[in-house]
Amino acid sequence: MFKKGIILFCAIFISTVMQGQEKEIKIEEERRGNRLMLYALNENFEDVEATIVVEGTGFRQSARAPRAMKIPKLSKVHVVNLMVNKGETPKYTTDITVSDSISRRALRKEATAIRIDPMNPIDMYIAENCVGCDSIVAKLERSPYKYRSTVLNENEEIKRQIAMANARLDTVVTPLFNVKGGIVSDIETFEELMEKLNDGEKGIVEN
């Protein structure tokens, strides 16, 4: 197990990073009226157990002792509610304990799937005659990775720029990708895309 306290000041969105053994848990906050809702984000490919202690001023919270909670992989879980005092700005610290071992007593709450940034950005461009795009898009949608997709016929400026790199754009039947600053048109599968982007390290597809 490992611990690390991080001081946060109230803002519209604040992330707290808790690292150890190449894993991290982030804290995301959402303000709803006088409620400040804290969520734990697990951007790893493994489930973890986390206990989150919040202390500070300008708010009230449950007097119950914090419980260990399962945070599933690639998901976020609502973990703490803070009731903001009228006319005050909440300031708080978080003390997070994270474990790779999940006990039977760990609290299980509803989790929401999240997308994460890949090792390198995924920018895809779809030409008019692309017949291989649907397959790759389907796998990107099932994957945990964020990506951007542009239909070239719907953006003439980007189409013009891409055409400068690929003069035979109208004959391209595969998606085009921006791979580390260069436009490539020979990627036919999701697995090939991951290899290109991550220097041979294949990505993970969630079916």
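In what sense do β4 and β8 pair, and over how many bridges? They pair in the antiparallel sense, over eight bridges.

## About the model

This is a predicted model, in which local features need pLDDT of at least 70, side-chain atom pairs count only at pLDDT 80 or more, and totals for chains, interfaces and linings use all residues. Residues are numbered from 1 along each chain as its sequence is written, and side-chain values use heavy atoms, with hydrogens and water left out.

## Strand β8 and its partners

Helices (H or I, at least four residues) and strands (E, at least two) are DSSP runs, numbered from the N terminus. Two strands count as paired if DSSP finds at least two bridges between them. Strands of a sheet pair through backbone hydrogen bonds, either parallel or antiparallel.

In the pairing of β4 with β8, Leu41 has Lys76 of β8 as its bridge partner. Strand β6 (residues 59–60) also pairs with β8 in the antiparallel sense, over two bridges; here Arg60 is matched with Met83 of β8. Strand β10 (residues 111–113) runs antiparallel to β8 and is joined to β8 by three bridges. The partner of Ser75 in β10 is Ala113.

## The largest nonpolar core

A nonpolar core is a set of buried Ala, Val, Leu, Ile, Met, Phe, Trp, Tyr and Cys residues joined through side-chain atoms within 4.5 Å. Buried means under 20% relative accessible area, exposed means over 50%, and partly exposed lies in between (1.4 Å probe, protein chains only). The largest core has 20 residues, of which Leu38, Val54, Ile71, Val79 and Leu82 touch the most other members. Elements giving two or more residues to this core include β3 (23–32), β4 (35–42) and β5 (48–57). The largest share, five residues, comes from β8.

Contact means heavy atoms within 4.5 Å. Not counting residues up to four places away in sequence, Leu82 touches nine-membered company that includes Leu38, Val54, Phe59 and Tyr92. Apart from this core lies another, of 19 residues, among them Ile126, Leu140, Val184 and Met194.

## Two single residues

Leu74 lies in the loop between β7 and β8. Its phi is near 50 degrees, a positive value in a residue other than glycine. Leu74 counts as buried because its relative accessibility is 7%.

Arg31 is found in strand β3. With a relative accessible area of 41%, Arg31 is partly exposed. Arg31 and Met83 are 52 residues apart along the chain, and their C-alpha atoms are separated by 9.9 Å.

## The four-stranded sheet

An open sheet of four strands has the order β12-β11-β13-β14, with mixed pairing. Its edge strands, β12 (148–151) and β14 (182–184), each pair on one side only. Strand β11 (residues 123–126) runs parallel to β12 and is joined to β12 by four bridges. Within this pair, Met124 is matched with Ser149 of β12.

## Two helices in contact

Axes are lines fitted to C-alpha atoms, for helices over the stretch in contact, and angles run from 0 to 180 degrees between N-to-C directions. The axes of helix α1 (residues 133–142) and helix α3 (residues 190–197) come within 9 Å and cross at roughly 70 degrees. That makes α1 roughly perpendicular to α3, a term used for angles of 65 to 115 degrees.

Ile136, Lys139 and Leu140 of α1 meet Phe190, Glu191 and Leu193 of α3.

Definitions and conventions. Angles under 35 degrees count as roughly parallel, over 145 as roughly antiparallel, 65 to 115 as roughly perpendicular and the rest as oblique.
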